[in-house]
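User: I'd like to learn how to read a structure like this one, feature by feature. Could you walk me through it?

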Amino acid sequence: MLLEARDVAKAYRAGEQAYPVLGGVNLALREGEIVALLGRSGGGKSTLLRILAGLIPPDTGEVRFRGRKVEGPVAGMAMVFQTFALFPWLTVLENVALGLEARGVPRKERLRKAQEAIALIGLRGFAEALPKELSGGMKQRVGFARALVVEPEVLLLDEAFSALDPLTAEGLRGDFLDLWQAGRLSTRAVLMVTHNIEEAVAMADRALILQGSPARIGQEIPIPLPHPRDPNDPRFRALVDAIYEALTLREAVERRLEAELLRLPQAPVGALLSLAEAIARLGGQADLPLLAQEEGLEVDDLFPLLEALELLGFARVEKGDVALTPAGLAWAEAPLEGQKVMFAEHLLRRVPLLAWLHQDLLWRKRLPEEVVLARLEGHLPEPEARRVFAVIREWGRYAGLLGYDERSRVLYLPEAPNEDEASRGA
Ligand SMILES: Nc1ncnc2c1ncn2[C@@H]1O[C@H](COP(=O)(O)OP(=O)(O)O)[C@@H](O)[C@H]1O
Ligand SMILES: [Mg+2]
């Protein structure tokens, strides 16, 4: 076992908000294998590679390289990026030698090794060229040379072929595979991120599918085909289909989940509060028919309200009874301002749509209703999207998280106008 990730989790933070990207990733890379990592765009593939390489730390979990915990960049690993990331003012030779300089290799040896790597990857004769004199394919060959020159045991490829045109990509893939198979690389294992399924089946021994949000490894698909592989071979096609299905099926499930997340019950804040107060008066727990009677509602009318209280974490419904959570009880009994603040906290934590709108407003201050509706309509039928928008607008305004200008139909961040009003009032 060369490289291992154990329960690796990572969230990015923006202000108070955390955006979970990886949620407990486990994987192992063994000697002699090429493993492809696939998943939707924005799914956390690059984040995972950066963590594996020791470029950024995980929040929890750990990475082990040859059994030792990775706590920063490791000499035995190198990475090739999609954008070649070459220094434009350095020659090919100097770009390649740079990785060795950082490792304290003496100059003469640096140049010799860089020349070797350049020759190996098919750049002989270009050592003195500047990046701008090279085609995209040649630039990426420099990217490979720069990674290979440090003689890494593990090579991490982050969409290394996807900025190249198909023919160029195929050429470089073929050359790399030839070197790998001929045993001319010091590299013992390759982990390659790609969104190109054909590329995965052409190169890898198995494919891992990163799924979910936050992501984990959902599926592993072995690719037991001998090299050279023929893309027209029915077994090749069957594997492409299997991976395609794994990726898209999962996406359909995720889209459905997302729609569930966006669907909000029809529950005006006033009705929610009055219901929570009624339950509190009844001792924090109530029988549903009794509660309906108390509130002058049909039992059916209670459901969206109860659903909303559950969504917000203010109540739990079980076997015809509803009980307020400690937070729900505190909310029902808080003074007016405290109620607003608590409601805002629970909205941001428990209602992804609101967290998402609020985050967006922090960036761009104003958000036209039609933009939000268009996004909702990507997941919900149009009337449902309008209904959900009305609910979130009402909840957000009450909580002081959103403002809405009726005339221009625009959501805004309420602070600024409120301050204006306050200063006008003062
Ligand atoms: N440095 C960063 N700070 C904040 N968010 C980030 C950062 N890098 C990536 N993200 C976000 O994390 C998610 C995963 O990104 P990434 O790992 O690049 O996915 P992939 O490589 O699968 O496309 C995306 O939503 C992206 O916007
Ligand atoms: Mg990426």
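Analyst: Happy to! Let's start with a loop residue: Arg124 sits in the loop that links helix H3 (107-120) to helix H4 (136-148). Keep in mind throughout that this is a predicted model.

User: Is Arg124 buried or exposed, and how is that decided?

Analyst: The idea is to look at the relative accessible area, where a value over 50% counts as exposed. Arg124 has 66%, so Arg124 is exposed. Leaving aside residues up to four places away in sequence, Arg124 touches Ile118 and Ala119.

User: Next, backbone geometry. Which residues have a positive phi without being glycine?

Analyst: Two cases to look at are Asp7 and Glu151. Asp7 has a phi near 50°, and Asp7 belongs to strand S1 (residues 3-14). Glu151 has a positive phi of about 50°, and its place is the loop between H4 and strand S7 (154-158).

User: How do I class Asp7 and Glu151 by accessibility?

Analyst: Use the bounds again: between the 20% limit for buried and the 50% limit for exposed, a residue is called partly exposed. Asp7 has a relative accessible area of 48%, so Asp7 is partly exposed. Glu151, at 43%, therefore counts as partly exposed too.

User: And peptide bonds: where is there a cis one?

Analyst: Here the angle to read is omega. The bond joining His227 and Pro228 is cis, with omega about -5°. Pro228 is part of the loop between strand S10 (216-222) and helix H7 (234-262).

User: Let's move to the ligand. Which residues are around ligand 1?

Analyst: A good way to begin is to list the shell, then ask where in the fold it comes from. The shell of ligand 1 includes Tyr12, Val21 and Arg40, the run Ser41, Gly42, Gly43, Gly44, Lys45, Ser46 and Thr47, and also Arg50. Helix H1 (residues 45-52) gives the largest share, four residues. Sorted by class, the shell holds two nonpolar, six polar and three charged residues.

User: Which polar atoms of the protein come up to the oxygen atoms of ligand 1?

Analyst: Here you look for N or O pairs within 3.5 Å, and it helps to separate backbone from side chain. On the backbone side, a polar atom of Gly43 is 3.1 Å from an oxygen atom of ligand 1, and an N or O atom of Lys45 is 2.8 Å from an oxygen atom of the ligand. From a side chain, an N or O atom of Ser46 lies 2.9 Å from an oxygen atom of ligand 1. As for cover, ligand 1 taken alone exposes 550 Å², and the protein buries 55% of that.

User: Finally, how do I read the overall shape of the protein chain?

Analyst: Compare the radius of gyration with the value for a compact globule. For 426 residues that would be near 22 Å, but the protein chain has 28 Å. Along the principal axes, its C-alpha atoms fill a box of roughly 85 × 55 × 40 Å. The secondary structure amounts to 16 helices and 16 strands.

User: What share of the residues is buried, and what does the surface consist of?

Analyst: Buried residues are 48% of the 426 in the protein chain. The chain exposes about 21,300 Å², and carbon and sulfur atoms supply 52% of that area. One more number for the fold: among contacts with a separation of 6 or more, 66% are between residues 24 or more positions apart.

Methods
Residues numbered from 1 in each chain as written. Chains lettered and ligands numbered in written order. Predicted model: local features only at pLDDT ≥ 70, side-chain atom pairs only at ≥ 80, totals over all residues. Heavy atoms only, no water. Near = heavy atom within 4 Å. Polar contact = N/O pair within 3.5 Å; in protein donor to acceptor, adjacent residues only side chain to side chain. Areas by Shrake-Rupley, 256 points an atom, 1.4 Å probe, with all protein chains shown as cover. Nonpolar A, V, L, I, M, F, W, Y, C, P; charged D, E, K, R; others polar. Rg over C-alpha atoms; globule rule 2.2 N^0.38 Å. Buried < 20%, exposed > 50% of the residue type's maximum accessible area, 1.4 Å probe, protein only. Contact = heavy atoms within 4.5 Å.
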